[in-house]
Structures are given as structure tokens and as C-alpha cells.
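New notebook, new structure. I'll put the model up here and jot down what I look up as I go.

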Amino acid sequence: MCTHIVLKNKNSKLLSARTMDFSLELNPLALVFPRNYSVDFIYENPMNNHFAFSGLGKDVGKYYLADGINEHGLSCAALYFEGYAKYNEDCDKQKINLAPQEFLHWILASSKNVEDVIKNIQNINIVSYVLEFIAKAAPLHWVITDATGKSIIVEPLDGELVVEENKVGVLTNSPDLNWHYTNMRNYIALDINQLNPRKINDLTLQPFGQGSGSFGLPGDYTPPSRFVRAVFNKLSCRMEDSKDDLLIASFAILNNVMITKGSVKTAHNTIDYTQYVSSISHEDLTYYFKTYRNPNIRSFSLLDFDLDENKLVVLEIDDSFHSESIV
């Protein structure tokens, strides 16, 4: 489970932000992939010269990012797509064959913008591959946003990669994106304004307090409800002029969909909760984040590192409650 939003203000400040909700402990690492670091793939030859990229990820035998940004301001985030992600079982010699967890790396390493992704995605074949960490193929779909603010969602449906415009700048999990768009029709009466009093015969009904226009906004943790809640809060949020104001807004919106540890128990008797919240600035390639244990917002920038290096940069995150640094 996860929630992703794309925010842009009138000054063209742009952020891609997400919650990382998961039931296995991630203990994420800050990872920087310089241009000359060899990016390995299971079915393809390594990529030895590529665009530099960075983000938060984990070592699951190999280092994989869950979300990140490259040197051209292109971001990509992977979200769970349980029950709907359908991959191919075999490689296609005519295409680039990638395991699900590798798709994000390939996008960030090889693409400058969304147009690059759209042009090349027909040459990609996602092959089912059991990831030992979760004991199955990772069921994923992806949000890709470039420095202009153009954003798409890629979903593996029946073995084909379906590309959709990210029309409202929000994504959660299953069902598929167009189902979520249809479901939003149930909530078209939601409004930031107060309801007017209503009179029934001699009885006048006044709304209770403030916020009556939002009555019926779903408050549970399911993907459809988080999708609607994120759209409502995103569209109603005041987008101020500066990047800092936009950054504050991104965390405020995602606070509304964070999952408290202990509120959601999976069928495997594990606890699914929001392990971190991140917000990526496309302008200065800075990755901001806070963890469940540490609400301080910390950051690192791709530009802080030597992008021509050939060694992976791995930074452990100090998750103690009062820490204000990433290491």
C-alpha cells in the first residue's frame, strides 16, 4: 500500500511525493547511482554508462530503489499493484527484458523525460521474477514525472505495459487507474465550502461546525479511499509560491493518508504501516523524507555527489527519534 501525489504551483515549482506503506521492515537506505556505476539486470547486460540517479531503497540481494530522481529531473516511483499486475513468463529476444523491480532503474538510467519513456516503453518486456524478500514477483505499477510536470502512470495489465496520463496527479494501489477515475464519480459532491442550512417544514437543520462540505469523504485505509482523500486534499490545498511552501503542502496532504502502525494487519498477520514519507524536488534534485520513528524532515541531493564516479553510494539512515541528519 502506498499513496503518490504530484504537486506544481504557479511558479512551476514541482514535487513528486509518496508514502511508503509496507508490512515488512524496510529500514531504507539512501542510494546514489553515479553515471559510471554498473547497473546490473537479471536478463540483460549491465548498463555501464548511464544517467545518474538517487533515492531511497533497500538491499534485497541487490540494491533496488522504491522511488528516485535522475540528473535530468525525471522521477519514478513504484507502488504495489496486488492482484492486477500481470507479467510475461518468458523473455522476448526482440525486447529489453526486465524483472519488475528493475523497471524503475532502467527508466531513471536511460530516460530524460516522459517523451523518452513513451517512445521506448514498447520495447520493454516485464518478466515475472520471484523476489526472495517477498517470496513472489513484486506486483507493481509506476508513476513517472519529468521536470516539466508531465506525468504518466504505467500499469502491467495482461502482460502489456499500459501508459495512462496522470490526470489528477494521484496514484494509490489496486484496482487499476481507470477504475479509480470511475470511483471518483461517487464523490463529486465533496466541497471545501460549508453546506447551507436546510429547512424541512418548521425544522431548520444547521450543519455541525466547519467542514460540512467534506461530509462523506472516506476515511479508511483502502487504496480507493486513500485515492479519493488524496485527490480532495490535493485539489483543495493552497499552493503557495515558494518551493518550501509546496514542500510543506506535500507532507500535509500525505499526512492524511499515513497508516498508523497497528491499524492494518495483513492476511499474513504482519503490520502494514507508513514506514516513510518522501517528497522529491525536480528543480534541485533534492530528496526530502521523514520516517515513522523520526518526524524530522531530512534531505540529500543528487548534486551533492560526484556523478562521474563508478561506485555506488550507500548511506545508512539514522532513524533515532531526534536525529536531524541522514547518517
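Before I read off any sheet, I need one rule: two strands count as paired if DSSP finds at least two bridges between them. I also keep in mind that this is a predicted model.

Entry one, the sheet. I looked up the strand order and got β13-β12-β11-β6-β5-β4-β3-β20, an open sheet of 8 strands with antiparallel pairing. At its edges I found β13 (160–165) and β20 (313–316), each pairing on one side only. From one strand to the next, the twist averages 25°.

Entry two, one pair up close. How many bridges join β3 to β4? I got 5, between residues 29–33 of β3 and residues 53–59 of β4, and the two strands run antiparallel. I picked Val-32 and looked for its bridge partner in β4, which turned out to be Ser-54.

Entry three, the helix across the sheet. I traced α1 (residues 103–110) and saw that it lies across β3, β4, β5, β6, β11, β12 and β13. Against β5 (63–70), α1 runs at about 35°. Is α1 mostly covered or mostly open? Mostly covered: 7 of its 8 residues are buried. I noted the buried ones as Phe-103, Leu-104, His-105, Trp-106, Ile-107, Leu-108 and Ala-109.

Entry four, out on the surface. I found a nonpolar patch there, formed by Ile-200, Leu-203 and Leu-205, with about 260 Å² of accessible area together. I placed Ile-200 in strand β15 (residues 198–200). Why can Ile-200 belong to a patch? Patch residues need over 30% relative accessible area, and Ile-200 is partly exposed at 42%, so Ile-200 clears that cut-off.

How values were computed
Residues numbered from 1 in each chain as written. Predicted model: local features only at pLDDT ≥ 70, side-chain atom pairs only at ≥ 80, totals over all residues. Heavy atoms only, no water. Patch = residues over 30% accessible without salt bridge, like charges linked within 9 Å, V, L, I, M, F, W, Y side chains within 5 Å. Areas by Shrake-Rupley, 256 points an atom, 1.4 Å probe, with all protein chains shown as cover. Salt bridge = Lys/Arg side-chain N within 4 Å of Asp/Glu carboxyl O. Helix = DSSP H or I, 4+ residues; strand = E, 2+ residues; numbered from the N terminus. Buried < 20%, exposed > 50% of the residue type's maximum accessible area, 1.4 Å probe, protein only. Axes fitted to C-alpha atoms, helices over the stretch in contact; angles between N-to-C directions. Contact = heavy atoms within 4.5 Å.
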